[in-house]
Amino acid sequence: MLNNIKKDFNTMTWVLIPVAIAINIAIGQIVVTLKLPVFLDSVGTVLVGVLCGPWAGALTGALSNTIWGIAIDPNALPWWPVAFFIGLVSGFMAKGGWFKSWWKVVVTGFVVALTAAAASTPIAVYLFGGITASGSSFITAYLMQTGLGVFQAVFSTSFLVEPVDKITTAMLAFAIVQGLSRRFIARFPRPENVEDEGGANQTQLYIAIGVVVLLVLFAAFMLRNILGG
Amino acid sequence: MAMHERLSFYAKRDSILHRLNPLTKLTLVFGFVLISFFAPFYWTPHLLILSGVIPLSFTGKVAREYFNASLRLILPAAGFLFIMQALFQPLEGEELFRIGFLHPTKESVMFAFANAMRIFLMVSSFTLFLLTTHPSELMSDLTRRGLPGQFAYVIISTIQILPQMQAKAQTIISAQRSRGLDTQSSFLKRAGSLIPLVGPLVFGSLVEVEERAIAIEARGFTSTKTKTSLHEIPDTNSDKMIRWILAALVLISLALRLWLS
């Protein structure tokens with residue numbers, strides 16, 4: 001086990017990690033510039049998880065939030081365990097072969113979203129008492145006022161917000177992997193994770209985008225029901 | 001906009017705080033944070049800020065930078081957290097006023113105040129640490145104490161790459177805009193312009209990965225031999241004493257919490 005983990009950390013991995021952290025932060029800021037309603041702040045983490053294994057991904061996530069918190073926005077600091085699990089889970093999903101075609105990537109994104117929701121709930125509840133400095137806390141606050149417990153309110157909110165974000169993140173990471181040359185990918189510890197399966201790529205991509213759009217509509221519908229009801 | 005800010009907070013001065021061993025300062029930060037969470041008294045975080053962090057910022061001769069960073073970065077975040085929690089935390093107690101479904105109680109305001117102060121303490125003591133410690137000094141001290149060199153590489157290299165990456169992102173945004181890329185109109189157009197912005201940025205930076213790997217490999221990156229350091233970082237007896245006292249204080253506050261609750 002420990003030897004396997006060690007094998008995942010070759011020189012390419014150690015060099016990729018800082019670049020991936022910078023990618024996380026830079027894409028996060030581009031998204032802010034474009035005023036899109038997602039975070040997309042873990043594309044690099046997922047990328048490392050897929051190419052270099054779960055533990056490298058987990059390390060990238062944890063360091064990414066720490067450095068983000070220290071250097072740019074202090075609010076990111078307490079959430080490092082969430083990023084840790086995002087990297088870990090995307091790595092394990094890729095190891096299980098769930099990062100080889102568009103529809104599988106959507107599933108990976110969804111599993112990562114569930115993990116992120118589960119990991120962020122205890123932090124939001126115990127550190128912040130349920131209400132954090134993020135905008136989605138308005139939903140949590142409303143749910144709590146309707147009599148829902150803190151845990152349920154926080155988890156429902158993340159469950160509404162996370163899937164769209166994490167599936168888009170996984171799809172973006174997959175698009176990046178597909179744009180890289182095979183020779184380059186072969187230098188990383190786990191090139192077999194992203195071996196091409198072939199098949200109808202174009203159609204699958206459209207279906208994947210369709211799923212994301214449906215999820216956005218679902219979240220919007222639920223929000224109207226919750227806030228308008 | 002945070003994009004053009006320099007990344008290293010470090011302010012070069014000559015003070016007692018600057019001369020302390022980096023690990024001692026790190027212990028100080030974690031000590032403050034842990035005590036503020038463990039100690040069972042309501043006013044602990046407030047007192048630690050007033051009698052700990054702020055006087056230390058004067059000792060370190062970085063008070064101006066410290067207040068600047070606190071006002072600009074930390075206070076808005078802590079303030080927002082305070083308002084959100086004071087309004088939305090459904091705690092039972094004496095009701096202060098009522099707007100719509102919002103009815104903040106005295107308890108929820110007190111709770112929000114303590115929580116916001118805890119976050120403020122956490123971030124501002126870290127800021128003080130970064131103001132008085134050069135990142136590479138911290139890393140070489142921690143490497144000497146047994147932190148794997150690879151970790152030090154990741155941290156230092158991220159700190160170097162990040163500003164370059166942010167500058168690159170700005171350049172790409174301007175370049176694509178001048179070619180007519182839409183970054184301001186409808187939602188779908190903005191979502192569509194994500195790819196032409198992210199693509200060049202990511203592929204451009206991944207190209208450098210291989211070259212960098214070869215370069216550090218040639219400098220003995222994976223060698224397991226102990227490496228010598230050109231720059232010695234002092235670790236005095238008073239450093240050690242401060243660290244033990246802080247550890248003891250953390251344990252005492254933890255014991256008090258367990259004992260009183």
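**Packing and contacts in a two-chain model**

Trainee: Leaving aside neighbours within four places in sequence, with which residues is A:Leu160 in contact?

Mentor: The model is predicted: local features need a pLDDT (the predictor's confidence in each residue, from 0 to 100) of at least 70, side-chain atom pairs count only at pLDDT 80 or more, and totals for chains, interfaces and linings use all residues. Residues are numbered from 1 along each chain as its sequence is written, while chains are lettered from A and ligands numbered from 1 in the order in which they are written. Two residues are in contact if their C-beta atoms, placed from the backbone, lie within 7 Å. Beyond four places in sequence, the contacts of A:Leu160 are A:Ile139, A:Ala219 and A:Met222.

Trainee: Is A:Leu160 buried or exposed?

Mentor: A:Leu160 belongs to helix H8 of chain A; helices (H or I, at least four residues) and strands (E, at least two) are DSSP runs, numbered from the N terminus. A residue is buried if 20 or more other C-beta atoms, placed from the backbone, lie within 10 Å of its own, exposed if 12 or fewer do, and partly exposed in between. A:Leu160 has 20 C-beta neighbours inside 10 Å and therefore counts as buried.

Trainee: At what angle do H6(A) and H8(A) pack?

Mentor: Two packed helices are described by the angle between their axes and the distance between the axes. Axes are lines fitted to C-alpha atoms, for helices over the stretch in contact, and angles run from 0 to 180 degrees between N-to-C directions. For helix H6 (residues 102–128) and helix H8 (residues 150–179) of chain A, the axes are 6 Å apart and the angle is about 145°.

Trainee: How many nonpolar residues does the contact of H6(A) with H8(A) have?

Mentor: Ala, Val, Leu, Ile, Met, Phe, Trp, Tyr, Cys and Pro count as nonpolar, Asp, Glu, Lys and Arg as charged, and the others, Gly among them, as polar. By these classes, the contact of H6(A) with H8(A) has 2 charged, 6 polar and 19 nonpolar residues.

Trainee: How far does H6(A) reach from its first C-alpha to its last?

Mentor: The expected span of a helix is 1.5 Å times one less than its number of residues. H6(A) has 27 residues, for which 39 Å is expected. Close to that value, the reach of H6(A) in the model is 37 Å.

Trainee: How far apart are the end C-alpha atoms of H4(A), and how many of its residues are buried?

Mentor: Helix H4 of chain A covers residues 54–71, and its 18 residues should span 26 Å at 1.5 Å a residue. The end C-alpha atoms of H4(A) are 25 Å apart, which agrees. H4(A) is also mostly covered, its buried residues numbering 16 of 18.

Trainee: Which of the two residues, A:Lys35 or A:Leu40, counts as buried?

Mentor: Most residues other than glycine have a negative phi. A:Lys35 has a positive phi of about 55°, and A:Leu40 has one of about 50°. A:Lys35 is in the loop between helix H2 (11–33) and helix H3 (43–52) of chain A and counts as exposed because it has 10 C-beta neighbours inside 10 Å. In the loop between H2 and H3 of chain A, the residue that is buried, because 20 other C-beta atoms lie within 10 Å, is A:Leu40.

Trainee: How many residues does each chain give to the contact between chain A and chain B?

Mentor: The model scores pTM 0.82 and ipTM 0.83. In the contact, chain B takes part with 50 residues and chain A with 41.

Trainee: Which element gives the largest share of the side of chain B that touches chain A?

Mentor: The elements that give two or more residues to this side are helices H4 (63–88), H5 (106–132), H7 (149–178), H8 (187–192) and H9 (194–218) of chain B. The largest share, 14 residues, comes from H9(B).

Trainee: How many residues of that side of chain B are nonpolar?

Mentor: The side of chain B that touches chain A holds 4 charged and 11 polar residues. The nonpolar residues there number 35.

Trainee: Over which residues of chain B does pLDDT stay under 50?

Mentor: Chain B averages a pLDDT of 85, and 95% of the residues score at least 70. The stretch with pLDDT under 50, for which the model has 4 contacts beyond four places in sequence, is residues 1–5.
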